[in-house]
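Me: I am new to this structure and should like to understand the terms used to describe it. Please set each value against its definition.

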Amino acid sequence: MKKLKIGDLEKIRDKARRTSSLRQNKARARVTVHMGTCGIAAGARKILTALLEEVGKKNLDDVIVTTSGCAGLCSREPMATVEIEDKPPVKYVDLTKEKIKKILNEHIIKGNIVKEYALAIGSERTTLK
Amino acid sequence: MKEYRLHALICAGTGCVASGSLDVKEELEKEIVKQGLENEVRVVTTGCQGFCERGPIVIVQPGDIFYQSVSKKDIPHLVEEHLLKGRPVKELMYVPGPEEAPVPTMMDIGFFKHQRLTVLKNRGRLDPENIEEYIGFDGYRGLEKALAEMTPEEIIREIKDSGLRGRGGAGFPTGLKWELCRKSPGEIKYIVCNGDEGDPGAFMDRSVLEADPHAVVEGMVIGAKAIGTHKGFIYVRNEYPLAVKRLKIALSQAEEYGLLGKDILGTGFDFSIEVAQGAGAFVCGEETALLKSVEGKVGRPRPRPPYPTEKGLWGKPTTINNVETWANVPAIILRGAEWFSSIGTEKSKGTKIFSLVGKIKNTGLVEVPMGITLREIVFDIGGGIAGDKKFKGVQLGGPSGGILTEEHLDISVDYESLTGAGAIMGSGGMVVLNENDCMVDTARYFLNFTQEESCGKCTPCRIGTKRMLEILDRIVEGRAEEDDLEKLKTLAEKVKKYSLCGLGQTAPNPVLTTLRYFEDEYKSHIEEKRCPAKVCKHLFKYVITDKCTGCTLCARNCPTDAIEGEVGHMHKIIQEDCTKCGTCLEVCPVNAVEAVDNE
Ligand SMILES: Cc1cc2nc3c(=O)[nH]c(=O)nc-3n(C[C@H](O)[C@H](O)[C@H](O)COP(=O)(O)O)c2cc1C
Ligand code: SF4
Ligand code: SF4
Ligand code: FES
Ligand code: FES
């Protein structure tokens, strides 16, 4: 470890912030992958892994990826819900690895809902703090 | 850069380690691998969350989901349900009352909701053994600011303007102390961190050192710059091995990163810190005794003046501050005096950490803004008195403090109000008492402690406390005379006035406050030979009433075979053999055993 000088702390802080951002409560977006029994059977794990890889690659430290239980629509699994600060949540269905990447790039990064994969907008209310 | 989806924070403070958190952690890591989640879930060990009574504690982020009393066998279910499927596990959550729903998130639990974390802001959210985590949560930014942008005078001014006062007991203004030391003539000066924490039951300082050691280190480096010194000592009790370990890790990491040692942050300022381990005597917490002990001599107090700021370690000007005081410094420098002084009352700024124990529902370590009422601490945070008992009083400030009553519940918790009522802020011990506590016995307990800890150097303390204890013994044993109460009062005043150090000067406080607010109870003991709370063993007896069904449970459990009776017939206690251990009262399934006054 090279000794730090005035100004160097910022770099460590940036790096450390990214690894601890989950504990800092400053998320801009949250993606929830539904992981009920049928979701897992339909391949939700793969979606989750692909999503996490992509978020890591792009250093998106303000995006939280979580899981939740059954969404009650087993036939359309794998499913995910995307919530962007102050906007109603959007549910995506019949996901594949490619689809989730596109959702990440279009919706989460650029803010454009990917209508062709979306099920409904604003079907449930969970606001981000 | 590896991205995790979840962080599972497991408490590795002393309390949770004692209740098995390290085993739980091991199991958690194993189970995470088993479910193939090792690239998605990160396990982080943290310091004490303050709710040790409910340990081991696990918090899952994001979501702030709080799990209590987690055992190894709960882990497979927890990992599968919450970490894999995202369904928080209700059975492991906090439940406020018998008919109430579990509370999932930490900040909705009364115990946490009413606290205000500034000194303890990092408790349970970062890994205290990893300096980069501390840096990630704004750590060492205050130091950077102090070294790059401020003169020593400006640092002192900031601390003075903030209104910070010593958290070790007396509440002396910290900025003023620093200024006195800076202005004391001499090239060589020292600073010391007092982590002796001798009050029985107190663990505020231990918790700060375990959960956020870098905050203390950073505070001391800032102080060193302000005061103009190159050497500091942190004095920690021997009984705190985990605190010492974390502190040493923190010191070596800070040195490695150039935040301690030579040429700190490239600014040319040198400062190093040494850990000194204490012998554990209560009097060693007193500053002059502590300094002797750091010098390697017997820890005995000496008269002041001269104060340590003039003649301290090895006769050099020395600033000694409490752990919590030092830990307050970085945030004051980073966020400014104005921010700090916006919290609290006119004369008591900031927050105070208390160790809240006794007859309440939620016990633990709490940080509250100055000016909060005792009622809020006892009822909103502590959840009120456990069981269906009545509140009786709060003992504040440990053996040097006093006992306040129901009528004080609404006074503001600040230095002046507490002193005015006869108690002290002290270092932050808070014991809640209910109707089953005898005030004479409680006062006796604390006096017995200080009497044993008296170093014996001065007569008022050595002999005075002994005589006081003898009178209290007579009172609790029913041998007291009418004039004993007067004698006790006079002695107490004398010990307070003529003792050499703070130990003796404050030792009579528990007696004096109970005399002031519970004189009736003393009189019952003396005049009627009666202990209203049924605590003093010589002044009551246990009897078995006709509710007894003859189940024999008490007789089988009595350690001295003092209970006789046939199966199915009423039992009887042979008073001569009874040691008043209370076991029979506890085991009787029909509450047939009662404590009654002696005839
Ligand atoms: C008997 C006795 C015991 C004390 N024990 C402690 C202690 O354990 N920790 C502490 O910080 N101060 C203790 N003090 C207070 C110290 O003498 C000193 O005032 C304090 O460390 C100064 O730091 P502060 O200004 O930051 O509070 C004790 C005082 C007395 C008289
Ligand atoms: S336990 Fe209670 S009920 Fe049973 S014999 Fe003893 S006093 Fe009687
Ligand atoms: S108080 Fe203890 S010693 Fe006395 S009768 Fe009950 S169990 Fe036996
Ligand atoms: S398990 Fe996913 S909709 Fe039922
Ligand atoms: S040690 Fe875990 S909450 Fe205190």
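Me: What makes helix 4 and strand 5 of chain A stand apart among the elements of that chain?
Reply: Among the elements of chain A, helix 4 (residues 97-109) has the highest mean pLDDT, 92, and strand 5 (residues 118-121) the lowest, 73. The pLDDT is the predictor's confidence in each residue, from 0 to 100. Helices (H or I, at least four residues) and strands (E, at least two) are DSSP runs, numbered from the N terminus. This is a predicted model, in which local features need pLDDT of at least 70, side-chain atom pairs count only at pLDDT 80 or more, and totals for chains, interfaces and linings use all residues. Residues are numbered from 1 along each chain as its sequence is written, chains are lettered from A and ligands numbered from 1 in the order in which they are written, and side-chain values use heavy atoms, with hydrogens and water left out.

Me: Where in chain A is the pLDDT below 50?
Reply: The pLDDT is below 50 over residues 123-129 of chain A. Where pLDDT is low, the predicted coordinates should not be read in detail. Chain A as a whole has a mean pLDDT of 80, with 82% of its residues at 70 or more. Chain B averages 93, and 100% of its residues score at least 70.

Me: Why is the pair Arg13(A) and Glu144(B) called a salt bridge?
Reply: A salt bridge is a side-chain nitrogen of Lys or Arg within 4 Å of a carboxyl oxygen of Asp or Glu. The N to O distance between the side chains of Arg13(A) and Glu144(B) is 3.9 Å, so the pair meets the rule. Across the interface of chain A and chain B, the rule finds 2 salt bridges.

Me: Which element gives the most to the side of chain A that touches chain B?
Reply: Helix 1 of chain A gives the most, with 9 residues. The contact, meaning heavy atoms within 4.5 Å, takes 37 residues from chain A and 43 residues from chain B.

Me: What makes Cys548(B) count as near ligand 2?
Reply: A residue is near a molecule if one of its heavy atoms lies within 4 Å of it. Ligand 2 is surrounded by 14 residues, and Cys548(B) is among the closest, as are Thr549(B), Cys551(B), Cys554(B) and Cys588(B). Around ligand 3 there are 13 residues, with Cys558(B), Cys578(B), Cys581(B), Gly582(B) and Cys584(B) coming nearest.
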